[in-house]
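User: Please take a close look at a single charged residue and its surroundings, and then place that residue in the wider protein.

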Amino acid sequence: VIQVESAYNPYAISRAGAQGLMQLIPSTARQLGVKNPFDPRENIEAGVRYLKQLQETFRDDRLALAAYNAGEGAVAKYGNQIPPYAETQNY
């Protein structure tokens with residue numbers, strides 16, 4: 001996940017504003033209690049917790065990864081299927 005999300009750059013910021021190694025969206029980072037999204041330890045621990053939550057929600061690793069990439073709402077919008085976004089399908 002880290003390689004795909006940030007290419008191991010702890011200071012990466014995406015076009016959508018996701019931050020750090022695991023590219024946490026600021027609102028998600030806040031929900032997970034992250035104080036500094038650029039701190040590798042904090043970012044990875046929160047990202048792993050978030051992935052676990054998604055696995056528990058979707059009960060399918062492919063859907064959990066799709067939700068991590070495109071958002072939970074996008075997976076739900078498409079009937080708990082991988083959204084038809086090229087980036088997400090390639091993810």
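Analyst: A polar contact is a pair of N or O atoms within 3.5 Å; within protein, one must be able to donate a hydrogen and the other to accept it, and residues adjacent in sequence count only if both atoms are side-chain atoms. Such a contact, of 2.7 Å, joins the side chains of Glu5 and Tyr91. The model is predicted, so local features need pLDDT of at least 70 and side-chain atom pairs count only at pLDDT 80 or more, while totals for chains, interfaces and linings use all residues. Residues are numbered from 1 along each chain as its sequence is written, and side-chain values use heavy atoms, with hydrogens and water left out.

Glu5 belongs to helix α1, residues 2-6; a helix here is a DSSP run of H or I with at least four residues, numbered from the N terminus. Glu5 is buried, meaning under 20% relative accessible area with a 1.4 Å probe, protein chains only. Glu5 nevertheless has no salt bridge, that is, no side-chain nitrogen of Lys or Arg within 4 Å of a carboxyl oxygen of Asp or Glu. The nearest side chain of opposite charge, Arg15, is 10 Å away; Lys and Arg count as positive, Asp and Glu as negative, and His and the chain ends are not counted.

Contact means heavy atoms within 4.5 Å. Neighbours within four places in sequence aside, Glu5 is in contact with Leu21, Met22, Gln23, Tyr68, Asn69 and Tyr91. Tyr68 is also touched by Leu24.

In the wider view, the protein has 6 helices and 0 strands, and 36% of its 91 residues count as buried.

Methods: Helices (H or I, at least four residues) and strands (E, at least two) are DSSP runs, numbered from the N terminus. Buried means under 20% relative accessible area, exposed over 50%, partly exposed in between (1.4 Å probe, protein chains only).
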